[in-house]
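Please look through the sequence and the model below with an eye to strand pairing, helix packing and aromatic contacts. The briefing that follows takes these topics in turn.

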Amino acid sequence: MATLIKVASVAEILKTLEKESDCAVLGGGCGIEKLPPKILCARKIPELKKFEKWDRFFSIGAMTTLSELEDKGKRNLPPLLFSAVRETANRNVRNIATIGGNVLSSINGTCGTLFSPLCALDARLEFVRSKGDIRTETKSVPLSRLSEFNKKGWLLSKIIIPNEEWDVRIFKHLGSEGFLDKDSASFSFLADKQGGGLSAVRIALSGAVKIRSAEFESRLVGSPIPIQKSRLSEIREAAERLFDAQENASGHHLLKMQFLNLLQNALERL
């Protein structure tokens with residue numbers, strides 16, 4: 001049976017994480033398959049629920065619920081993220097689920113719905129940990145490189161998202177509505193057009209397989225719009241190789257076909 005440890009501030013969380021190696025921070029708990037021995041309930045700590053919008057970026061506290069984000073409205077959030085939030089589960093779940101929990105948790109190896117839009121938006125995760133009695137250490141980690149970061153002992157405090165305008169924004173949720181399962185995934189596409197060509201593009205897939213490749217995206221930049229059929233075929237073949245090269249790609253034929261079709265459709269809409 002798990003033990004609940006009460007904490008009232010970020011400082012208390014960091015001190016506890018430093019001393020208790022078997023502790024885990026719990027927000028909404030929607031993606032928890034097995035409870036850890038000791039739980040720190042952090043969802044009501046004001047420091048972790050701050051929302052700020054600046055000229056160049058958004059800062060969202062990790063314990064902000066998805067319903068709170070939804071209530072901010074399209075004008076106060078990156079439109080791609082707003083679309084993804086509204087397609088995540090249902091309102092009852094969004095009242096409980098936190099943005100930090102959605103990003104960090106997975107169910108049976110399938111990551112949360114918001115991973116792909118945040119990845120496409122070049123979101124960075126800000127982690128903090130205790131460093132002695134009064135000092136703390138902060139680390140900013142690109143979401144696209146989260147798998148390389150050892151989160152042990154660290155607390156996700158906020159998510160930083162660049163405030164950018166995009167000509168084309170596409171989000172698509174795949175799989176069952178209302179809950180996450182092995183067939184769930186999300187596809188995100190951002191693009192800018194300039195001078196009759198594609199000037200910038202970002203593509204992300206998340207689910208049982210995660211994709212975000214700056215190298216692949218850079219190969220698409222400069223493509224004339226509309227993109228010709230022969231060029232689309234080349235891109236589709238390259239995207240198939242990209243998918244096959246990802247971890248856990250084997251056996252996910254349906255997801256691969258969905259990814260390729262969604263990418264082609266997005267490019268045809270430019």
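In this predicted model, strands β12 and β13 run antiparallel and are joined by nine bridges. They belong to an open sheet of three strands, which has the order β11-β12-β13 and antiparallel pairing. The points below set out this sheet, the helices described with it, and the aromatic pair that links β12 to helix α9.

**The three-stranded sheet**

- Strands β11 (168-174) and β13 (197-206) stand at the edges of the sheet with a single partner strand each, so that one side of each is left without a neighbour in the sheet.
- Neighbouring strands of this sheet are turned against each other by 10° on average, when direction is ignored.
- Within the pairing of β12 with β13, F189 has I203 of β13 as its bridge partner.
- As a general point, strands of a sheet pair through backbone hydrogen bonds, and the arrangement can be either parallel or antiparallel.
- Helix α3, made up of residues 79-86, lies across β11 and β12, and runs at about 20° to β11.

**Aromatic pairs**

- Five aromatic pairs are found when the whole structure is searched.
- In the pair of F187 and F259, the ring centres are 6.2 Å apart and the planes stand at 65°, which is over the 60 degrees required, so the pair counts as edge-to-face.
- This pair links distant parts of the chain, since F187 lies in strand β12 (residues 185-194) and F259 in helix α9 (residues 253-268), with the two positions 72 residues apart in numbering.
- F187 has a relative accessibility of 0% and therefore counts as buried, the limit being under 20%.
- F259 likewise counts as buried, because its relative accessibility is 0%.
- Elsewhere, F127, F149 and W154 form one aromatic cluster.

**Packing of helices α8 and α9**

- The axes of helix α8 (residues 229-244) and helix α9 come within 10 Å and cross at roughly 145°, and the crossing is right-handed.
- On the α8 side, the contact is made by L232, I235, R236, A239, E240, F243 and D244.
- On the α9 side, the residues making the contact are L255, K256, M257, F259, L260, N261, L263, Q264, L267 and E268.
- F259 is thus named twice in this briefing, as a ring partner of F187 and as one of the α9 residues in the contact with α8.
- The residues of the contact between α8 and α9 divide into 10 nonpolar, two polar and five charged.

Technical notes
Residues numbered from 1 in each chain as written. Predicted model: local features only at pLDDT ≥ 70, side-chain atom pairs only at ≥ 80, totals over all residues. Heavy atoms only, no water. Phe/Tyr/Trp six-rings, centres within 6.5 Å; stacked < 30°, edge-to-face > 60°. Helix = DSSP H or I, 4+ residues; strand = E, 2+ residues; numbered from the N terminus. Buried < 20%, exposed > 50% of the residue type's maximum accessible area, 1.4 Å probe, protein only. Pairing = 2+ DSSP bridges. Axes fitted to C-alpha atoms, helices over the stretch in contact; angles between N-to-C directions. Contact = heavy atoms within 4.5 Å. Left-handed = near helix turned anticlockwise from the far one by under 90°. Nonpolar A, V, L, I, M, F, W, Y, C, P; charged D, E, K, R; others polar.
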